[in-house]
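Reader: Could you walk me through this structure, one question at a time?

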Amino acid sequence: MNLDSLYQEIILEHNRKPRNFRVMADANRKVEGYNPLCGDQITLWLRIEGDRVADASFQGLGCAISKASASLMTAAVKGKTVDEARAAAEHMRELLTGKLDVEKERKSLGSLAALSGVSKFPQRVKCASMAWHALQSALDEHNADAVVGGATT
Ligand code: ZN
């Protein structure tokens, strides 16, 4: 199995069975994201305890890439510190815009590397980046309850 088909399998699997796909009643951050180009929507919840992302969950409607990206994102940031989660979002921005050396970072990216192929399809970049934009807003205290619409990459 080559990497492309492995990555495609990861995306399809996360789309079929998204991780952390639930409303979070005790969240202290909630952000909505919207990608008008594709019609993808997401509500992201975080529970921040001290400097740590204690819990992350989402619900939404959209294409396989948007849902898989949100699923991978919540799984990746859960348990991380706020600074680590910010760094992950920045890393992902570079990955999706083709600015990251994927070969070099493959190990540290783990399953997130599955989203690397998206950079070859400019019209899908916003599908994948939507969840990460929502994450960045949610991590910024002053933006709690923000609505992220048509975010630029
Ligand atoms: Zn989409």
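Reader: Which residues have the most contacts inside the largest nonpolar core?

Author: Heads-up: this is a predicted model, where local features need pLDDT of at least 70, side-chain atom pairs count only at pLDDT 80 or more, and totals for chains, interfaces and linings use all residues. Numbering runs from 1 along each chain as its sequence is written, and side-chain values use heavy atoms, with hydrogens and water left out. A nonpolar core is a set of buried Ala, Val, Leu, Ile, Met, Phe, Trp, Tyr and Cys residues joined through side-chain atoms within 4.5 Å. Here the largest one has 44 residues, and the best-connected are Leu46, Val53, Leu115, Trp132, Leu135 and Leu139.

Reader: Which element gives the largest share of this core?

Author: Helices (H or I, at least four residues) and strands (E, at least two) are DSSP runs, numbered from the N terminus. Several give two or more residues to the core, including β2, β3 (52-61) and α1 (3-16). The largest share, ten residues, is from α5.

Reader: Which residues coordinate the zinc ion?

Author: Donors are N, O and S atoms within 2.8 Å of the metal (3.2 Å for Na, K and Ca); water is not among the atoms, so sites may look incomplete. The zinc donors sit at 2.2 to 2.7 Å. They belong to Cys38, Asp40, Cys63 and Cys127.

Reader: Is Cys127 buried or exposed?

Author: Buried means under 20% relative accessible area, exposed over 50%, partly exposed in between (1.4 Å probe, protein chains only). Cys38, at 35%, is partly exposed. Cys127 has 0%, so Cys127 counts as buried.
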